[in-house]
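Open the structure in your viewer and keep the selection tool at hand. The stops below cover two pockets and one loop residue.

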Amino acid sequence: MKYIHGVSEFELEKPSAVTLGKFDGVHRGHQKLVEIVKQKAQQLGLLSVLFTFDGIPLSICPQKHQHFITTNAERKNICERLNLDVEIEYPFTTEFMNMEPERFIKDIIVKQMKAKAVVVGTDYHFGKNREGNAQMLIDKGPVYGFETIVVEKERYQEREISSTYVREELSLGHMETVNVLLDRPYSITGIVAKGQQLGRTMDIPTINVYPRESKLLPPNGVYASVTVIDGNAYYGVTNLGTRPTVSDSQEVSVETNVFDFDMEVYGEKVEIQLLHFLRPEMKFENIDGLKKQMELDTQFAKDMFFIK
């Protein structure tokens, strides 16, 4: 997949079918747009393209909390797994924010991306003051030589699937619902760092990852998890939080006891998938109390995964 990141001056080498949006989470609704783009690209011999943004600077939108279901790197990996030809992360500048909608169509959709098919959701808006919408794309398509396909939202439990829906369920720790909405496990990716190695003294060794500050996280607590290392999946238990029993720091870490795994993976990139919320993070009176609870958490997760 070609990855165009953080640059406004680019031009695709051939005509494209493109879907446009924020794509935070790349949830089931987003994936529906991607599938239609891929179908049109295959039918017409076009590039399949996803157009999104390289974050929103706080200097432009200081009121917006910069926390995302997927980081840029995670979204890029998902786009690669979805077999798109191109992902574009366009810089969200003041100039772009104030761009007239028709100029966006003419200069970026048509000139830079050479779009012959544009696929958007019913609530897609663009341009200055969000004045552009799906109907405008339909109206301008014949003028500029592209077809517009407007896609109805996917639904789950009588509700439209959206990034807002995912965020709400994630804030409650409803991982099963989150994972249905995403059509994959919610995950945190990062580089394994050296921790205090306290787990080793309790015969419960862990690997530690520190999530990016921009990553939207579920509640602090203990989760049944799967850790993907080098393409291989391992069951385990993950503590997400500040480890109040052993530390006064407020830095959030992702500390995972990977079952039946004793390899050194410091410096390796791993993906921690959170499948089920077991309990909130707690402060214990002493290390023995923490160890006993960790053993209970481990047994619960092993029973859940049918591991003897």
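Start with helix 2 and strand 11 (187-193): each supplies at least two residues of the second largest pocket's lining. Keep in mind that this model is predicted. Which element gives the most to this lining? Strand 11 does, with 4 residues.

Now fill the space itself. The second largest pocket holds about 340 Å³. Its lining has 18 residues; select T71, N72, A73, R212 and S214 for those closest to the centre. Colour the lining by class: 7 residues are nonpolar, 6 polar and 5 charged.

Next, go to the largest pocket. Its volume is about 1300 Å³. Select G21, K22, F23, F53 and R130: of the 44 lining residues, these are the closest to the pocket's centre. Then show the elements that give two or more residues to this lining:

- helices 1 (28-44), 2 (72-81), 3 (94-97) and 6 (163-171)
- strands 3 (47-53), 5 (115-121) and 6 (125-126)

Colour this lining by class too. The split is 16 nonpolar, 19 polar and 9 charged residues.

Last stop: V246. Find V246 in the loop between strand 14 (232-241) and strand 15 (253-258). Is V246 buried, partly exposed or exposed? Its relative accessibility is 25%, so V246 counts as partly exposed; the buried class requires under 20%.

Finish with a distance. Pick the C-alpha atoms of V246 and H276. The two residues are 30 apart along the chain, and these atoms are separated by 24 Å.

Note on methods: Residues numbered from 1 in each chain as written. Predicted model: local features only at pLDDT ≥ 70, side-chain atom pairs only at ≥ 80, totals over all residues. Heavy atoms only, no water. Buried < 20%, exposed > 50% of the residue type's maximum accessible area, 1.4 Å probe, protein only. 1 Å grid on protein atoms, 1.4 Å probe; cavity = no way out; pocket = protein on both sides within 12 Å on 5 of 7 lines; lining within 4 Å. Points joined across faces, edges and corners; volume = space filled by probe spheres on them. Nonpolar A, V, L, I, M, F, W, Y, C, P; charged D, E, K, R; others polar.
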